[in-house]
Amino acid sequence: MQSVTVELGAASTMELVNALSVIATELAQREAPESAAACLELTETLAAAADMQESALAGFIGRVDATGEQARWGYPSTQAWLRSRLGMRDNRAKERLTFARQRHRLPQVAERLASGELSFGYATTVADSVARLDDTDCAEAETTLLGFVDQGFSAGKVAAFGRRIRDLIAERDDTETAPDEDTKRGYDKSWLTTTRSLDGGRYVKGWLNPEDAAIWDGTLGPLAKPAGPEDRRDFSERTAAALSSVLSGGHKATKVTVICDLDTLTGGNAPARLTDGTPIPAPQARRIALAAGVSPLLLGRGNTPLYLGHRERFASAAQRQVLETLYPTCAVRECETPGTLCEVDHVNGWALGHSPTDIDQLALTCGWHNRFKHTRPDQIQITKDPDGRYVYRLLPPPDARGTTGPPGSIGPPGTLDWAA
């Protein structure tokens, strides 16, 4: 039995968390009291304490999400980190992430949750209700919804009021019935528009007529199915991954030519370009060269073509079929992306003249982890399991080595001394 002595006012945040972990461990190992009345009272007290801990947890998650820290540890998104590293179910991860992102816009909710006056269930209900409102409407909705909470309405009722508030705002702004340009296009022809965001991503919207919709369903439907009971991605995430796989050649061969100098491909800094003239940074060009189905056009001095890679030097359809049998998901242990949506990865890296495309030198990795492995090879540990499959394990960033604890934890108590 461990003892814990903490001076609350002087303790750092890490010291408080470590003390709480020790107490939780001791409490979890104790049997419940025989008295049902005592258990009822203890449940209410412990649940209230857990809700206050959620307030602190939201602050931690929000900081990780805002800085993108999870990417340094090998996770493509905050939600993926919560699911894989902390073992949260998908709905729970979304709930916590939504509140963490909305917390700064909900001062009343944050204050009441931290003081134990509001349950986490109500807090996340309000956060979800205001997530699509602007700051002005958010402030008014927060006060209104907390009023319903104070009147004793259930979280489900408060959620219904939140949906009604959004409907009233749409009616006020005259956005609920006015036909937009998309509606005016009609339904006979398919159309698609994309808009590039400031961070390099793209917003996509469109319409498919019945014939094109059938092609969409036939192509993406099988690829968008859950990989298994542990695949916690929702349907929209699986569909996006399926589309990306088809476009990038993860499932079928793609037709992309990257034009670059030989020096660029072997470590130089000169940018490459696509056939339409779009510049490609040298590191990205080297990463693209790793992807099966991409042809690198290598130029020597005077822009003389030296080598145009042929698709035959990449993994064949038969090899991919074998790999998809060996790798039901991405080779990265913590990743759940189905193998059918993954890219073929040269396990020992790709180098001109030294890149055997032998089946025992290949594995399947999702596009994100393929890029991560190429840019941060020191954070991937590669081993083989008894069946001969490669297993990729994520390692902490170099500046955080020695801080990782057992699965499901960020580090053992006392390994970090972060001040509050």
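**Figure 1. Overview of the predicted model.** A residue counts as buried when its relative accessible area is under 20%. In this predicted model, 36% of the 420 residues of the protein chain are buried by that criterion. The chain contains 16 helices and eleven strands. About 24,700 Å² of the protein chain is exposed, and carbon and sulfur atoms contribute 55% of this area. Among contacts with a separation of 6 or more, 52% join residues that lie 24 or more positions apart. The structure holds 15 salt bridges, and several of them are presented in the views that follow.

**Figure 2. Packing of helix 5 against helix 7.** Helix 5 spans residues 90–102 and helix 7 spans residues 120–130. The two helices pack at an angle of about 70°, and their axes are 9 Å apart. Helix 5 and helix 7 are therefore roughly perpendicular to each other, because angles of 65 to 115 degrees fall in that class. Helix 5 contributes Arg92, Glu95, Arg96, Thr98, Phe99 and Gln102 to the contact. These residues meet Phe120, Ala123, Thr124, Ala127, Asp128 and Val130 in helix 7.

**Figure 3. Salt-bridge network involving Glu54, Arg92, Glu95 and Arg96.** Salt bridges link these four residues in a network. Arg92, Glu95 and Arg96 belong to helix 5, where they also take part in the contact with helix 7. Glu54 falls within the residue range of helix 2, which covers residues 36–67.

**Figure 4. Crossing of helix 2 and helix 6.** The axes of helix 2 (residues 36–67) and helix 6 come within 8 Å and cross at roughly 130°. That angle makes helix 2 oblique to helix 6. On the helix 2 side, the contact is formed by Asp51, Met52 and Ser55. Their partners in helix 6 are Ala110, Leu113 and Ala114.

**Figure 5. Salt bridge between Asp234 and Lys94.** The closest N and O atoms of Asp234 and Lys94 are 2.4 Å apart. This pair links distant parts of the chain, with the two positions 140 residues apart. Asp234 is located in the loop between helix 11 (210–223) and helix 12, whereas Lys94 is in helix 5. Lys94 is partly exposed, having a relative accessible area of 27%.

**Figure 6. Salt bridge between Asp135 and Arg105.** The side chains of these residues meet with an N to O distance of 2.8 Å. Asp135 lies in helix 8 (residues 135–150) and Arg105 in the loop between helix 5 and helix 6 (107–114), so the pair ties together parts that are 30 residues apart in sequence. The two partners differ in accessibility: Asp135 is exposed, with a relative accessible area of 54%, whereas Arg105 counts as buried at 15%.

**Figure 7. Salt bridge between Arg30 and Glu26.** The closest N and O atoms of Arg30 and Glu26 are 3.4 Å apart. Glu26 is partly exposed, and its relative accessible area is 25%.

**Figure 8. Nonpolar surface patch formed by Leu208, Trp216, Leu243 and Leu247.** Together these residues present about 350 Å² of accessible area. Leu243 is part of helix 12, which comprises residues 235–248. The relative accessible area of Leu243 is 31%, and this residue is partly exposed. Leu243 qualifies for the patch because membership requires over 30% relative accessible area and no salt bridge.

How values were computed. Residues numbered from 1 in each chain as written. Predicted model: local features only at pLDDT ≥ 70, side-chain atom pairs only at ≥ 80, totals over all residues. Heavy atoms only, no water. Patch = residues over 30% accessible without salt bridge, like charges linked within 9 Å, V, L, I, M, F, W, Y side chains within 5 Å. Areas by Shrake-Rupley, 256 points an atom, 1.4 Å probe, with all protein chains shown as cover. Helix = DSSP H or I, 4+ residues; strand = E, 2+ residues; numbered from the N terminus. Buried < 20%, exposed > 50% of the residue type's maximum accessible area, 1.4 Å probe, protein only. Axes fitted to C-alpha atoms, helices over the stretch in contact; angles between N-to-C directions. Parallel < 35°, antiparallel > 145°, perpendicular 65-115°, else oblique. Contact = heavy atoms within 4.5 Å.
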